[in-house]
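Student: Could you take me closely through the surroundings of the bound ligand and the packing beside them, with the cut-offs stated as you go?

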Amino acid sequence: MSMNRKQYRILVVEDSASLRDGIVATLRKEGYTVGAADDGQTGLKKAQSEPWNLIITDIKMPRLDGIQLFKTIKAKFPEIDVIIITAYATVDIAVDAIKHGAEDFITKPFPLAELRSKVNELYNRWQSQQQAALKPTDGKQLIGNSRAIQQIRSLIQKVADSTSPVLITGDSGTGKELIAHAIHDSGQRQNQPFIAVNCGALTESLLESELFGHEKGAFTGAVRTHTGKLEQASGGTLFLDEIGDMPMSLQIKLLRALQTKQFQRVGGEKYIHSDFRLISATNQNLEESVKEQTFRSDLYYRINVIPIHVPPLSKRPEDIPLLIDHILRQRAKKLNRSMPRIQTSVLRKLQAYSWPGNVRELENFIERALVFIEDNIFTEELFSFDKKPENQAADQPLPNRDMAEYISKIEREMIISALKENHGVKQRAADQLNIKPGTLYYKMEKYGIEEHEYET
Ligand SMILES: Nc1ncnc2c1ncn2[C@@H]1O[C@H](COP(=O)(O)OP(=O)(O)OP(=O)(O)O)[C@@H](O)[C@H]1O
Ligand SMILES: [Mg+2]
């Protein structure tokens, strides 16, 4: 998809008709889509009812001034760029505007060419962001430089175009689903459907009709014919997640379907042909399951033609900094804020941690840390890894293995004890904890800390 200037929508809010018309005409001539409003109130209405990429606003206007207009816009739509133009420029206003996220500030009178080149700059920036966002792998990249991940990456490329069944194994949160998507997206089937079924999430009979479909009237409640996932996946990929949880009765039915490439809907007579590429995933040890006779050995051999094993994160600590960087970059982009920095000592501790929940746990952990971050830098205080509350015996085991939850618990206790020590004076409690009062209020609310908990 190519981007062009017509797609870039600019709203001009300016009460002086001659200046407004001049700006609109100049920008339209450049090829942009331009709308206009002649006071702040009308501007705000327009800004909220139609999509815009850039708003150019005057400050002094009847009804609603430009600063208020732009603060409201930025709060609601942080992705919209704003350029402020005014004759009454003071350093204060300019600083305030930039602090609140205005992209630029122009003082009147100015040559239209100056505005034009600023707009073109913003457009170019927008255009390259759009193009980056359109890359098919964006956000779904398999990150990591460990041998294991490098091998998996090259395996994905090798097997993407074949139709042999793939079985992805690995602990929870190691990226099995991500790999399944990557195989699909790298192959010739990328524009065909990717159909996922979680075999562990449904009862036996629901799973059966989910997979194979059912005819109208096949059972009570089957009011219309339903095409199953095997059928929907024809031409594309069928992803059977948690295949280790599939009941024995369905395993034989699936095996038949894989052997003959055809099957019947529940309650149906006719044979339906479907040609899909099968990718399965499990966090169970299927060889064990075969020994224990909870998984059919013939099905196991059929689905396990190309095995891909993803080792736990603790076995590839060199991937951790890359993953952290990737996750932070994604979140920063999503929240439209600058990339947080991270102290080296913190990074080392994160690398040393065992991450039982693997990459998912790491993602959740960073997500929460971003809530507590101050000055956009991850410090040891933020994590307090090896700090245990004083009343806890050093050799006592951690209460659970969820790191984020554990840290919240510690934070809550620290806040209550600081409030107690400072007789409920929040400013002093905040000082003692070395956090901003605003952060203290936020956390007190977040953790539901009530007065009776710290009143002495
Ligand atoms: N190597 C990686 N690079 C980037 N992101 C990853 C990587 N591995 C995992 N993730 C991310 O971690 C999260 C968990 O991954 P995913 O859902 O694929 O795990 P899973 O192995 O299917 O887990 P489960 O067994 O619990 O279903 C996802 O958000 C995924 O995008
Ligand atoms: Mg999964």
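Tutor: What follows moves from the ligand shell to the nonpolar core and then to two buried positions.

This is a predicted model, in which local features need pLDDT of at least 70 and side-chain atom pairs count only at pLDDT 80 or more, while totals for chains, interfaces and linings use all residues. Residues are numbered from 1 along each chain as its sequence is written, and chains are lettered from A and ligands numbered from 1 in the order in which they are written.

Around ligand 1 there are 18 residues, of which Ile 143, Gly 175, Lys 176, Glu 177 and Val 359 come nearest; a residue is near a molecule if its C-beta atom, placed from the backbone, lies within 6 Å of it. Two or more residues of this shell come from each of H7, helix H13 (319-335) and helix H15 (358-372), helices being DSSP runs of H or I with at least four residues, and strands runs of E with at least two, numbered from the N terminus. Domain 2 (147-311) and domain 3 (315-454) each supply at least three residues to the shell, with bounds that come from an automatic or database domain assignment. By class, the shell holds six nonpolar, eight polar and four charged residues, where Ala, Val, Leu, Ile, Met, Phe, Trp, Tyr, Cys and Pro count as nonpolar, Asp, Glu, Lys and Arg as charged, and the others, Gly among them, as polar.

Lys 176 also leads to the packing, since it is one of the contacts of Ile 168, which include Ile 179, Ala 180 and Ile 279 beyond four places in sequence; contact requires C-beta atoms, placed from the backbone, within 7 Å. Ile 168, Ile 179, Ile 183 and Leu 230 touch the most other members of the largest nonpolar core, which has 36 residues. Such a core is a set of buried Ala, Val, Leu, Ile, Met, Phe, Trp, Tyr and Cys residues joined through C-beta atoms within 7 Å.

His 184 lies in helix H7 (residues 176-186) and counts as buried because it has 22 C-beta neighbours inside 10 Å; the cut-offs are 20 or more other C-beta atoms within 10 Å for buried, 12 or fewer for exposed, and partly exposed in between, with C-beta atoms placed from the backbone. Beyond four places in sequence, His 184 touches Arg 189, Gln 190, Phe 194 and Thr 237.

Ala 233, in the loop between helix H9 (229-232) and strand S10 (237-241), is likewise buried, with 25 other C-beta atoms within 10 Å. Its contacts, again leaving aside residues up to four places away in sequence, are Pro 193, Ile 195, Leu 238, Ser 274 and Phe 276.

Definitions and conventions:
Contact = placed C-beta atoms within 7 Å.
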